[in-house]
Amino acid sequence: MNWSRIWTVTRTDLKQLIQAKDFWIPMLILGGIFFLFVPTILLLSITAIGDVHAVAQISQALEVLPERAQAAVRGDTAAGRASYALAVYLFAPVAVVVPLTISTAVGASTIVGERERGTGEFLAHSPAAVKEIYLGKLIASLLPGYATTLLGFGIYSMVVNLIVGPEVGGWFFPTREWWVLMLWVVPPFLALTLSIVLRLSARVKSTAAAQQASGLVTLPLILVAYSQSTGALFGAASASIWIGAIAWIIALAGLSRGMKVVTRARLLGVADGI
Amino acid sequence: MSCLTGNARSADGLLVDAPLVAARGLSRSFGDVEALSDLDLTVPEGSITVLLGPNGAGKTTAIRMITGALNPDRGEVRVFGLDPGDEGEDVRRRCGVVSAKPALYDRLNGWDNLAYAAELYGLRDYDTRLRGAAARFGIEAALTKMVGGYSTGMKTRLALARSVMHDPDLLLYDEPTSGLDPESSHAVLELIRSMTDDGHTVVMCTHLLLEAEGLADQVVVLEDGTDLISGTPQDLTDQYWPGVVVHMDAEQPDMLDRLEHADGVIAYHRSAEEGARGAGVAELQLDDLGRVPDLITLLAADGVRLTRVEPRVPTLEDLYFAVREGRSAFAEGNTLGGPDVAARFDRRRTAPSVNDLTGVEQ
């Protein structure tokens, strides 16, 4: 395995993605909506505007949280506790949905796109091994989603600390559970999803078909990731570790299988079944 | 260029001359479609071999098998004495390919396209090489521009530059002038011709006979995935037209048929070319050009008024159609118009293996 070649494939794919403003501008907007606008509006409406009715409803909702989660909620006022709970527990799925959506969109076209543009012919005739091409493209699909998420996570942390922090006695975010979620749970779900998306991208006839099929396949994965990430925040720290570990095992198995699906014939578009 | 190019080790360990590409009995199907069927191919070092055939003849599939991008269902191929199926990386590193579509990244500029290939081919400190390759094909000034804005001719030039910058031993060009205007086509063909001056070996696919004319050291005519004939253009035309070819037309074209049995006439037939009176022009093969005055005298004695007497050097186009006609005739149990094509099909049954050709003992 030549890591220099893998990085070359990754870098070139990313360079092309940067040129595609029609792709990354909507993706930035998506990240902005989930990590900046919605949390800001929601948290401000509770802490600054002081909507008593909404705060009362959220306080009631907190009672359905697991006892461990309820005990962790900080704040002396109802508004403070409600905003803390929202900041820590409500937005966990966002951290999963955004990277999966972005990386799926990138990954779906990565191999079939080479075929459609005719550049698959160049790669097929190059000395690069198909495994190197696969891994290069996988990383190039993974990085935009995960980087956007980390950036969004940073912005979200600022928003939460600036708006909710004064209500609960200072900056508190990210919590330990969020660190585990972002660094240990989200990446394997991303890798697993991409292993499936890249396999689809190698098999289908067009980018449009790859987008459709990827959406269909990744929807249940998003739901699983959604529930597991929420559970990771609610549960004990060990639960997050276990969820992440299991997700990594499944992801690595998926990547290993996915690597075998990409062949030179598929880059050329002449494999049976394409 | 490698000093081992075109050589292989024989059983006693000596280096022996061998073709750069030796393929025997290559077959490959895609579903129900047979893209290649028992293709034999030998590419000598330092030559331009032109794979000539209509669309769907199997030219592109043959190129793909040479680099190991595709594996054959049956048959074997050796490139530089290596099996591309097992040692594909080593083979591909020594090949430069331009495919029918230029296969460039529109969202990268010219430089980045070349740099991508340079890094995949393992080149280090490649700036000078890149500029040299781009300059050679007259595309250096456009390297900072996005390839999406290039004309077809510029894309072809960039693809050609990309194919040579790692100094490959074997260049594989699949319809490199596709979509180009005549002037650009001519320029590209001149550039390809210059490749062999540097010691490169070129395999070029085309369905345009004019392109192959004057460019090919060796021609391989393909149809339905198989090679009909191969050899130098001169040898092949000599095979099909062992004598001098003369075209004749007259105001009474039917009267020309009497020349069929005249002295010195090796072969006689009506060509597809329409003459002045609507009948096909008579094509005669003579044992000597000096027979022409005798034939004219013979016809004049019968009152035939000739409108055309044209000694003709057969072109590759003539050869191509003669070969194809010969094959059709073969299918009907006839072999008019050239050597016995049936023999060319029969030879495969007793064909030597690729190792016989390369001298490599397995």
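Two residues are taken to be in contact if their C-beta atoms, placed from the backbone, lie within 7 Å. By that rule, the contact between the chains takes 22 residues from chain A and 23 residues from chain B. The model is predicted: local features need pLDDT of at least 70, side-chain atom pairs count only at pLDDT 80 or more, and totals for chains, interfaces and linings use all residues. Residues are numbered from 1 along each chain as its sequence is written, while chains are lettered from A and ligands numbered from 1 in the order in which they are written.

**The side of chain A that touches chain B**

Helices (H or I, at least four residues) and strands (E, at least two) are DSSP runs, numbered from the N terminus. Three helices of chain A, namely H1 (3–19), H7 (119–125) and H13 (264–268), each supply at least two residues of the side that touches chain B. H1(A) gives the largest share, six residues. By class, this side of chain A has nine nonpolar, eight polar and five charged residues. Here Ala, Val, Leu, Ile, Met, Phe, Trp, Tyr, Cys and Pro count as nonpolar, Asp, Glu, Lys and Arg as charged, and the others, Gly among them, as polar.

**Chain A**

Chain A has 13 helices and zero strands. Its C-alpha atoms fill a box of roughly 65 × 35 × 30 Å, taken along the principal axes. Of the 274 residues in chain A, 46% are buried. A residue is buried if 20 or more other C-beta atoms lie within 10 Å of its own, exposed if 12 or fewer, and partly exposed in between, with C-beta atoms placed from the backbone. Among contacts in chain A between residues at least 6 apart in sequence, 84% join residues at least 24 apart.

One helix pair can be followed in detail. The axes of H2(A) (residues 21–47) and H5(A) (residues 78–90) come within 9 Å and cross at roughly 165 degrees, which makes H2(A) roughly antiparallel to H5(A). Axes are lines fitted to C-alpha atoms, for helices over the stretch in contact, and angles run from 0 to 180 degrees between N-to-C directions. Angles under 35 degrees count as roughly parallel, over 145 as roughly antiparallel, 65 to 115 as roughly perpendicular and the rest as oblique. On the H2(A) side, Leu42(A), Leu43(A), Ile46(A) and Thr47(A) take part, and they meet Ala79(A), Ala82(A), Ser83(A), Leu86(A) and Ala87(A) in H5(A). This contact has seven nonpolar, two polar and no charged residues.

**Sheets of chain B**

Two strands pair if DSSP finds at least two bridges between them. Strands of a sheet pair through backbone hydrogen bonds, either parallel or antiparallel.

Three strands of chain B form an open antiparallel sheet in the order E4-E3-E6. Its edge strands, E4 (33–43) and E6 (74–79), each pair on one side only. The twist averages 25 degrees from one strand to the next. Helix H1 (residues 59–67) of chain B packs on this sheet, touching E3, E4 and E6, and its direction makes about 60 degrees with that of E4(B).

Another open antiparallel sheet of chain B has four strands, in the order E13-E14-E12-E15. At its edges are E13 (265–274) and E15 (306–312), each pairing on one side only. Helix H9 (residues 291–301) of chain B lies across E12 (244–250), E14 and E15, running at about 165 degrees to E15(B).

The table gives antiparallel strand pairs of chain B.

| Strand pair | Bridges | Residues standing opposite or bridged |
|---|---|---|
| E3(B) (21–30) and E4(B) | seven | Arg28(B) and Leu36(B) |
| E10(B) (218–223) and E11(B) | five | Val219(B) and Gly231(B) |
| E13(B) and E14(B) (280–286) | six | Arg270(B) and Ala282(B) |

E10(B) and E11(B) form a hairpin with two residues between them, and Asp224(B) in the turn has a positive phi of about 50 degrees. Strand E11(B) (residues 226–231) is mostly covered, with five of its six residues buried.

**Pro54(B)**

Pro54(B) is in the loop between strand E5 (48–52) and H1 of chain B. It counts as exposed because it has 12 C-beta neighbours inside 10 Å. Leaving aside neighbours within four places in sequence, Pro54(B) is in contact with His207(B) and Glu223(B).
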